[in-house]
Amino acid sequence: MDRGKRRIRWVVHSTEGAAVDKESHVFNAYCLGPVARIGPNNVITDDPDTTRRILAARSGYVRGPWFDSVRIDPYIPNIVSERDVKKHSKIRAKLAPSFTGRSVAAMEPIIDGLVLGWLDLLRKRFAGPDQGLCDIGKRVQFLTVDIITKICLGDEIGCVKNDCDMHHLLETVEMGNKVCQYFSVFLEMNTLFFQLARIPALAKRLFPRPSDSTGVGRLMGMIHQVVEARAPEENRRNDVVSSLLNQGMIKDQIDSELIIALVAGSDTTSTSVQSILLSIITNPQVYDTLRSEIRGAVARGQISSPIQDAEAKQLVYLQASVLEGLRIFPPLSQLRERVVPPGGDTVGGYYLPEGTFVGLNTWGLQRNKAVYGEDAGLFCPERWLTDDADRLHAMHQTHSLIFGHGSTKCLGMSMAMMELTKVIFELLRNFDITIANPHKPWVSRGYGIFFQKDFYVCLRPVNYTHPPTYEDAVGSIPPVTTMADLTPEALSQLLDYPTQAPPPGVTPNFNNPHSIAYQVYITAGFCVTKGAFGKHSWDIRMGDYTKSQVVLALLVEITLPLSICAVKASVLMLYLHVFGILRWMRIASITGIVFIVAFHLSLSISFAAMCAPQASSRLDFLAAFISNKCRHTNALVVFQGAGNVAIDLFLLTLPLPAIWGMQMPLRRKLATSAMFSVGLCACSSSIIGLIYRVQFYRADSDTSYLVVPLWATSMAEETAGVIICCMPSTAIVFKSVKGPVASWLSSKLPRLTGSSPSRDRRGKAKTRSQSYSSLGELSSPNIWVDSEADTHSLQQLKPGNAGVIKKMEFTVSRTVQQGYGRQGHL
């Protein structure tokens, strides 16, 4: 039971991206040596010597069942998932020529071309004086994916060119790593799935296939097409697929190996570039020192464009910064457990029986104070510039463990280091970079491999001919403006950015923002809980506004005045029907109807004219929605709210003189007034709505958040009007069911209370119909009757009004069941 709980907790930490923090906590809080126990049969170590001994070629340690979690094909293991030492060595021997030696030198021109194209994209889209923020993490991912696909498949996938996640490859890889985390903890699931894969029908359902249209299967299909195209010798190129075919590797094995290569060669490199860049630009001393080294070398003419690997190795502080950035934030946090060999072993002074799983704590290794000093938790490139040769050698040996050791050392290490130094150098060579949100520069999650998002920076191009002065720097700061009046083309470049800067001290929350959209969902019954509305403007991106949401908002703005108009005009029509005999009531009601129709119709036409898009695309709708022209309707929103309050007060007070001028009992007057006093709810809703409308009018208003209470109060106001219009019909329905319900109750009450039936004057028991007749009920449930009197007079309170009938008597003719069963007209 305890073991199951531990594994569940570990899965929770893994899926939250916090497993590496948990590992560090275990060592800091509970471990007094190089080994910590994290399960009944699981330990982890952060000792460099122990790690090297375990990973040595003939150590006796073998890969544990953890590696089955990265097995994509149930029948064909890949270089990572293969646990047999000899089979793993054969696969490694075939892959090595593609990523080492001369192949690395041949890769550099390919990488150079893609890096130059990437820099050109950054200049055009993000480095202009009027350009916005750049999610540099996403653009680094696009570059590393294009590089690895170009090297492996012969052609880049096109993420940089199209500035998007082509075929959702990055999304697929991230989701795949999350799934692997589950299988790496619940190892029995691997065994179960492999056993089920023996049944062909289940294997097609449980594992990805090249014929799949989404997910990992889609990626497998892309690779499979390239492998099939390269199969004939005349079609082979200078890429990894052709190299593996020349080595005699079977096609299915190539498919499996290249998926691992794409993941390992893109996401790990991307994470490393981002972590190194963040460490540099958030340390002013390091940033200034490295920038001086880079720009000094460029000014002296020592650097090519882009920088070559041999040139980068001559820049001492650049190399130190890259090494330190990798050390402080290793891209992998996977345990990669090995199994203690037969006979057991002593690790860190503790005896471990055979079969024990030993995990490798990479983050703990790179923060080992015995190797890196007491400040091992700090980013300090200067530690690599020491004159102590022994310490420098120990640091390099420990640092290399990031890429593995012995027969498990990463084959792409040289290629990765070349990419890292090249990209970091060119970024700082071409741009001055500033963090957009210093309080929360990025969102980072570790699912075995780290993934980052929302890494926003400001890019300013570097001018080597005329270095900027202070006046130039101040003059280049763009004025504070809104995103209004942007064309759809310009707007498309801002979809990843927040719609509004947060207030001081507030950090944007794109992942799980607070939302009040449920108010409209509950009030109106339609769903706006997905999308931008109901969330603070600084917690959403421009891209969060879907077309359906924008269309919904525009339709609400245009049709809401019309629906309110219909409801309020209906209330006045009800007044005409009930009190139309009064001349002043007729004049007031008709005048009110004309005013209400004119008022709301003009509002609806104004909203439509000022906010209508020029075309039907999503960007056209969005551009119209945030344009200055449409924002001018905020004043109309306040004007509409004030008008609603005035009209609601008019509707509330209008019938009261007529009601209290009628000659009827006080109880009836109070009941009738209470029926129309439902309008108080409408008045309250319109007053609250006016308060929100005033806030909405402010130039810095949180529009996406405030629009929801505006809709909610408007719907409450309309609902109150509908209730008023339905009151007469509701009363008829109530009186129709009152008789049968009372009859049923009377039949039950004598039985419950034991009382005798009522008797008439002659002492005879009354029938049920006679009893209700004496209460003034009707024989027909379809007639609304008055139990107080048979004839009423409707008399005006103002007898001096000429031309108006002073007193009008009318007889309500109805059939009443008398006590003795006779019918008559009164």
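Here are some exercises with worked solutions on a predicted model.

**Exercise 1: Get your bearings**

Work out how many helices and strands the protein has, and what share of its residues count as buried.

*Solution.* Start with the secondary structure: the protein has 33 helices and 14 strands. Next, turn to burial: 48% of the 826 residues count as buried. Finally, look at the contacts with a separation of 6 or more: 70% of them are between residues 24 or more positions apart.

**Exercise 2: Find the middle of the core**

Find out which members of the largest nonpolar core touch the most other members, and which helix gives the most to this core.

*Solution.* Step one is the core itself, which has 109 residues. Within that set, Trp118, Ile136, Leu258 and Ile433 touch the most other members. Step two is the helix: α13, spanning residues 251-281, gives the most to this core, with 13 residues. Step three is to check for another core. There is a second, separate one of 23 residues, and Leu582, Val637, Ala658 and Ile724 are among them.

**Exercise 3: Two neighbours in sequence, Ile433 and Thr434**

List what Ile433 touches, then do the same for Thr434, skipping residues up to four places away in sequence.

*Solution.* Take Ile433 to begin with. Its list runs to Leu277, Ile281, Tyr287, Leu427, Leu428, Val457, Cys458 and Leu459. Now move on to Thr434, which sits in strand β9, residues 431-435. Thr434 is in contact with Val457 and Cys458. For Val457 you can also check the backbone: its C-alpha atom and that of Thr434 are separated by 5.5 Å, with the two positions 23 residues apart along the chain counted as their separation. Last comes accessibility. Thr434 comes out at 46% relative accessible area, so it counts as partly exposed, the class between 20% and 50%.

**Exercise 4: A histidine at the end of its helix range**

Decide whether His399 is buried or exposed, and say what surrounds it.

*Solution.* Place the residue: His399 belongs to helix α19, residues 389-399. Apply the cut-off: His399 is buried because its relative accessible area is 4%, which is under 20%. Then collect the contacts beyond four places in sequence: Leu323, Leu326, Arg327, Gln366, Tyr372 and Trp384.

**Exercise 5: Count the disulfides**

Count the disulfides, and look at how far the nearest cysteine sulfur is from that of Cys159.

*Solution.* The count comes to zero. For Cys159, the nearest cysteine sulfur belongs to Cys164 and is 6.5 Å away. A pair needs its sulfur atoms within 2.5 Å, so Cys159 is in no disulfide. As for burial, Cys159 has a relative accessible area of 0% and is buried. Cys565 is buried too, with a value of 10%.

**Exercise 6: Map the cavities**

Say how many cavities of 30 Å³ or more there are, then describe what lines the largest and the second largest.

*Solution.* The count is five cavities of 30 Å³ or more. The largest has a volume of about 120 Å³. It is lined by 16 residues, and the closest to its centre are Asp648, Leu651, Ala682, Gly721 and Ile724. The elements giving two or more residues to this lining are α24 (547-579), α28 (633-653), α31 (679-697) and α32 (703-753). By class, the lining splits into ten nonpolar, two polar and four charged residues.

Now for the second largest cavity, with about 80 Å³ of space. Its lining includes Val556, Glu557, Phe607, Val637, Arg693 and Trp711. Here α24, α28 and α32 each supply at least two residues, and α24 gives the most, with four. The class split is seven nonpolar, two polar and two charged.

**Exercise 7: Spot the unusual backbone**

Identify where a cis peptide bond occurs, and give the phi values of His168 and Asp454.

*Solution.* As background, most residues other than glycine have a negative phi, and most peptide bonds are trans. The cis bond joins Ser305 and Pro306, with omega about 0°. Pro306 lies in the loop between α14 (284-299) and α15 (309-312). On to phi: His168 has a positive value of about 55°, and His168 is in the loop between α7 (159-162) and α8 (169-185). Asp454 has a positive phi near 60°. Asp454 is in the loop between β11 (449-453) and β12 (456-461), and is buried at 8% relative accessibility.

Technical notes
Residues numbered from 1 in each chain as written. Predicted model: local features only at pLDDT ≥ 70, side-chain atom pairs only at ≥ 80, totals over all residues. Heavy atoms only, no water. Core = buried A, V, L, I, M, F, W, Y, C linked by side-chain atoms within 4.5 Å. Buried < 20%, exposed > 50% of the residue type's maximum accessible area, 1.4 Å probe, protein only. Contact = heavy atoms within 4.5 Å. 1 Å grid on protein atoms, 1.4 Å probe; cavity = no way out; pocket = protein on both sides within 12 Å on 5 of 7 lines; lining within 4 Å. Points joined across faces, edges and corners; volume = space filled by probe spheres on them. Nonpolar A, V, L, I, M, F, W, Y, C, P; charged D, E, K, R; others polar.
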